[in-house]
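Colleague: I am new to reading protein models. Could you show me one and let me ask how you reach your conclusions?

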Amino acid sequence: MELNSILPSNNHGGSLDQAARITDLEARAAAVRDLIVQFRGPCTASDMRTLLRLAQGFARERRVALELALAIGDENAAAAWLRGCLKEALADHEGAAAVFGVHADSASGEEGALFQLALARNLAKCGRISEGWHPLARAAGWAATNRTLSAIDQQIATCRKQQTPPARRVCRIALLGTATLDFWAPALRARSFAAGIDAEIYIAPFHQYRQEILSPESGLKAFRPDVVILATDWRSLHLPDEVGAADAAQLVRAKVAGLEELWRACREQIGATVIQHNFEIPETDPYGRLSVSRPGGRGRLLHRINLELWEAEQRQPGVAIFDLEQAASIYGKQRWNDPVLWHTARQYPAADAVPFLTRRLAALLRALFGLTAKCVVLDLDNTLWGGVIGEDGLNGIRLGGGAEGEAYAAFQGYLKSLQKRGILLAVCSKNNPEDAQAVFREHPETVLKLEDFSIFVANWRPKEENLRQIAATLNLGLDSLVFVDDNHAERLRIRRMLPEVETPELPADPARYIETLDRTLSFEALTLTEEDYKRAEAYRENAVRHELQASSANVEDFLANLQMRVELRPFDQANLPRIVQLINKTNQFNLTTRRRSEAEVGALMASGGCYTQFMRLRDRFGDNGITGVLIACQREGVLYIDTWLISCRVLGRSVEDAMIASVAAYARRKNLRYIQGEYIPTAKNGQVKRVYERFGFTCIREEGDGGMLFQYDVDAPGPETPAFLTVEDHTQEPVV
Amino acid sequence: MSFLEERIQQVFREVLHNQDLIVSDSMTSHDIQGWDSFAQVRLVIAFEEEFDIKFTTDEVATISSVAGLKDALVSKGVAAD
């Protein structure tokens, strides 16, 4: 219910707008005070903007503003917002930050964005910039309008002058295309920031995408992007209304081949990953349904081009298709196109669609950089079934049968499918474990079974403690979790205590749970590897390993009993996706944290000058899969280890010994006397600072920032591989 | 300054990144620093968002004064005070 539509019940007249028109400041303040105090219901973004303007007006007379701020309390979101705005307008930034801070995490959507942005802005004005980054990221995720995204982008830029923003990934993104792309930049920067990506954006001159990619000295080349977004639109294909059926296939092939040529150039000459937009099938077409029913109709050609683009993505490394056709469909093609802005400014899609579009683009960027969520943490009562198991019992809860029960069963089905393709499920519930587990064991309509959960936490402790435990047990960062709970108070608590955890706003109706989780876009992926399909099983196997460890007398016994087999191979095309996945997401055992895209790794392999190694670990309980990567290159007569990382899943197994021993063997074969390894410090890799010393390397240089360079003389004996490891080393063979 | 004039000024300030900008009825695009043809489109989009209206092709091309903008808004039902 909009504040503006409240019917008058006092002497001062009706809506906020009317109150705003009262010329006498004191009378206006009194009218606003009366409206705010009796207000019920949510405060819309439009109301919030009006209240902000009103507050700025009141601040012209300090006394009026101060009295109003005192007269209204925190009775509702509108009052809190107005109070915060008044304090800000009076330059009481600490006070404003305190007021906004109380309410910022309760609100969602555009309203939440405005609260979070106001909080961040006032924190910055008090010099508390580091506390403002999370609110800014939250704001950028919630915002639904260009103006708010633009304001957030501005605020990030302002704060950046004093402090480097925290980010999981820093990157350079180039936007090239056939429409005006300038509006995308502030929105895309903000959306990327919400996803933990600090993006610098280059926009190519209008319609110059071919020249920028193909000419040797373009602005694009000078910019050295990590990602090139090719936003070509359907009009730029210049398809006629209809072609002859016999010519259709050739035309489709030619259009896709033209794009493939550009992708190849991006990969080979620029080393960037390409995000290629596919093509909207436009709503309006003079041929109507004929455009698709005719084999040579434009709509049909566009469908075929889009299909062939998906196939090309499979064939070509370093390319990801952005499904613009799907985005336009979901948004609504009638709103997606604005013919006035197309003719006056070549704006496509409509400006209003840019917030929606950039949210989807940022989701794809997250997938590209390995920053998507890995685990859904679920409450149970009224989240996975209707009712409370501890009170209603197995027969009283609603699961399957009946509309409400069907909605919950469908949600369970959606989660089950997520799990099958590699997303882990965890339970975090305030319940007795026996009551909770009984549903998954015995309820006839349950879709999820107990073994579908990688960890099941049911107790009465605060949920933030449980979430920390879940993250630690699954070896995941808090920023890999999505927390789903029907209880608003729990959601609020987790947003406050664990801001890195994504906590979507859940609607009251369980029929809408699926779409809510789906629209987070937090689980997008570019590929599915064998590891993904087997991830849940892998975690179960790991649980068995933990039991063995707990029951072993000592570490050596445990490791010997595992019967580990290590396989070392040079990089190959088939395993490239998984290798790249590891390169981009491993943080702890990662000596140099060099992130590379699939295109860049492919180029490295093709150059032939480097020693590459991936490590696969199998043991008695199963296959851990590819869990180690090493790249070493010759430089100045020395073998320099450019990249060395191991998945935290298999740390403490001495697999690192096998990897290093193989590098030493290679160096000896190539008559390279020295091996050098570098430690580049990050916030997460402190544990490997001196790992090279374990193998007989000595430190030859220390940097001011804590970085170290180590060197090993291959004439010295070793390094040894422990006897309990069986090693199959294929990296010494000539690569075919 | 009327309520409408305050809203118009606020949009100009946001789009042109200048919180100290003063906007009055007599001003044209020549008087307001930063109001070039690229800003024109940004202003159009921002005003459409602020007032929930849509400008015509003709209006997008020709609005180049605050008075002209105000007239266009009022003609679309925005209250004049």
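Colleague: What is the order of the strands in the open sheet of chain A, and is the pairing parallel or antiparallel?

Modeller: Happy to help! Please keep in mind that this is a predicted model. The open sheet has 4 strands, in the order β8-β7-β6-β9 of chain A, and they pair in parallel fashion.

Colleague: Why do β8 and β9 of chain A count as edges?

Modeller: Look at their partners: β8 (453–458) and β9 (481–484) of chain A have a single partner strand each, so one side of each has no neighbour in the sheet. From one strand to the next, the twist averages 20 degrees.

Colleague: How do you know that β7 and β8 of chain A are paired?

Modeller: Pairing needs at least two bridges between two strands. Strand β7 (residues 424–429) of chain A is joined to β8(A) by 5 bridges, so the pair meets that requirement. As an example, A:Ala426 has A:Ile455 in β8(A) as its bridge partner.

Colleague: What makes residues of chain A and chain B count as being in contact?

Modeller: Their C-beta atoms, placed from the backbone, must lie within 7 Å. By that rule, 13 residues of chain A are in contact with 15 residues of chain B. On the chain A side, α9 (146–160) and α18 (339–345) each give two or more residues, and α18(A) provides the largest share, 4 residues. That side of chain A divides into 4 nonpolar, 6 polar and 3 charged residues.

How values were computed. Residues numbered from 1 in each chain as written. Chains lettered and ligands numbered in written order. Predicted model: local features only at pLDDT ≥ 70, side-chain atom pairs only at ≥ 80, totals over all residues. Axes fitted to C-alpha atoms, helices over the stretch in contact; angles between N-to-C directions. Contact = placed C-beta atoms within 7 Å. Nonpolar A, V, L, I, M, F, W, Y, C, P; charged D, E, K, R; others polar.
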